[in-house]
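Welcome, and please get your viewer ready. We will go from stop to stop, selecting a few residues at a time and looking at what is there.

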Amino acid sequence: MFGKLTSFLRARSKERKLAHYAIPDELWTHTVAALPFIQRYDDADLTTLRELATLFIANKEYSTAHDMELTDEMVVSVAAQACVPILKLGIEWYRGWHGIVLYPGEFVIRKTIQEDVGFEDIGLVHGIEEEASGEAWEHGPVILSWQDVATPGAGLAADHALPADTYNVVIHEFAHKLDMLDGEADGVPPFSRVLHPTINPEQWAETFLTEYDTFAEACDAVPDRTWDHPERLPPRLQVIDPYGCEAPSEFFAVASEAFFVEPTGLRQYWPTLYDALAKFYRQDPAERY
Ligand SMILES: [Zn+2]
């Protein structure tokens, strides 16, 4: 009885949000036109994506830094890109946090790192500053550089020449958010018994971490001077951002960028990883090419 009432109220609230926050046609068309990897979805998926983006806008709180004016274009572009990974998962996968903070460009992250110097009770505390285009806080906001959101990678060049431009800061940070749903980011997202009945979580984690080891070893084997000429890297290191070798959590984020922006390249050079991501996201984006 109560269950029925709750789902009735939830449906009413969803309908109200969809009506109240509806994205105007022209703005939606304009947003999709600027994002090649989204244009490849069929009409049914685009309708779902627009609905998810609307709920996303209703549920999240946007703010800006440095007095940058927040425009509808910004709000919808972030929402549309952020909802691509949850297209077949649902809006509740972004539960538990609210804030989206947009900076005009790259911003500085300050971290303090305690260094163990081997003496008891003595630790050096360093303040480190890093330039970043995005950051995702566990249970907290997603911070994005608008400049980077507005110019995402377009995948392979028209002549299909590598290296592929898979850069997408929104997919990257929201992949971290999905990873963090079950605690600290470790590269292995949670799975749902209803949505992922065929996934064995331990097996998935083992497959993913083996792919990570292979990637990190392949990156280590590259001579230093070759990094200045990405076109000379082996093709399988050109479809995933080398930043992924930092940690399994970063590998999950950059592999997710490649999965959505350059799916055919990822499937060709990393079929096992592609398959693992396809099972988690419940999408097969390479099929649309
Ligand atoms: Zn990251």
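**Stop 1: a loop with unusual backbone angles**

Select Asp67, which sits in the loop between E1 and H5. Helices here are DSSP runs of H or I with at least four residues, strands are runs of E with at least two, and both are numbered from the N terminus. Before going further, note that this is a predicted model: local features need pLDDT of at least 70, side-chain atom pairs count only at pLDDT 80 or more, and totals for chains, interfaces and linings use all residues. Residue numbers start from 1 along each chain as its sequence is written.

Phi of Asp67 is near 60 degrees, a positive value in a residue other than glycine. Is Asp67 buried or exposed? Asp67 counts as exposed because it has 6 C-beta neighbours inside 10 Å. (Buried means 20 or more other C-beta atoms within 10 Å of a residue's own, exposed means 12 or fewer, and partly exposed is in between; the C-beta atoms are placed from the backbone.)

Now add His66, found in the loop between strand E1 (61-64) and H5. His66 is not a glycine either, yet its phi is positive, at about 55 degrees. With 9 other C-beta atoms within 10 Å, His66 is exposed. For background, most residues other than glycine have a negative phi.

**Stop 2: H5 and its partners**

Next, colour helix H5 (residues 72-83) and helix H2 (residues 25-33), whose axes come within 10 Å and cross at roughly 60 degrees. (Axes are lines fitted to C-alpha atoms, for helices over the stretch in contact, and angles run from 0 to 180 degrees between N-to-C directions.) H2 and H5 are therefore oblique to each other. (Under 35 degrees is roughly parallel, over 145 roughly antiparallel, 65 to 115 roughly perpendicular, and the rest oblique.)

To see where they touch, show Leu27, Trp28, Thr31 and Val32 in H2, which meet Asp72, Val76, Ser77 and Ala80 in H5. (Two residues are in contact if their C-beta atoms, placed from the backbone, lie within 7 Å.) By class, this contact of H2 with H5 has five nonpolar, two polar and one charged residues. (Ala, Val, Leu, Ile, Met, Phe, Trp, Tyr, Cys and Pro count as nonpolar, Asp, Glu, Lys and Arg as charged, and the others, Gly among them, as polar.)

Keep H5 on screen and bring in helix H4 (residues 43-59). The axes of H4 and H5 come within 8 Å and cross at roughly 120 degrees, so this pair is oblique as well. From H4, Leu49, Leu52, Ala53, Phe56 and Ile57 meet Val75, Val76, Ala79, Ala80, Ala82 and Cys83 of H5. How do the residues of this contact divide by class? There are eleven nonpolar, no polar and no charged residues where H4 meets H5.

Zoom in on Cys83. Leaving out residues up to four places away in sequence, Cys83 touches Leu49, Leu52, Ala53 and Phe56.

**Stop 3: just past H5**

Move on to Leu87, in the loop between H5 and strand E2 (99-103). Leu87 is partly exposed, with 19 other C-beta atoms within 10 Å. Measure from its C-alpha to that of Ala53: the two residues are 34 apart in sequence and 9.6 Å apart in space. Not counting residues up to four places away in sequence, Leu87 touches Asp45, Thr48, Leu49, Leu52 and Gln283.

**Stop 4: the core**

Which residues have the most contacts inside the largest nonpolar core? Select Ala53, Ala79, Cys83, Leu144 and Ala255; the core as a whole has 62 residues. Helix H9 (residues 248-261) gives the most to this core, with nine residues. (A nonpolar core is a set of buried Ala, Val, Leu, Ile, Met, Phe, Trp, Tyr and Cys residues joined through C-beta atoms within 7 Å.)

Staying with H9, add helix H11 (residues 271-281): the two pack at an angle of about 85 degrees, with their axes 10 Å apart. H9 and H11 are therefore roughly perpendicular to each other. Ala255, Ser256 and Phe259 in H9 meet Leu273, Tyr274 and Leu277 in H11.

**Stop 5: a buried aspartate**

Finish at Asp179, in helix H7 (residues 169-179). Asp179 counts as buried, with 23 C-beta neighbours inside 10 Å. Apart from neighbours within four places in sequence, Asp179 is in contact with Ala185, Asp186, Gly187, Pro189, Ser249 and Phe252.
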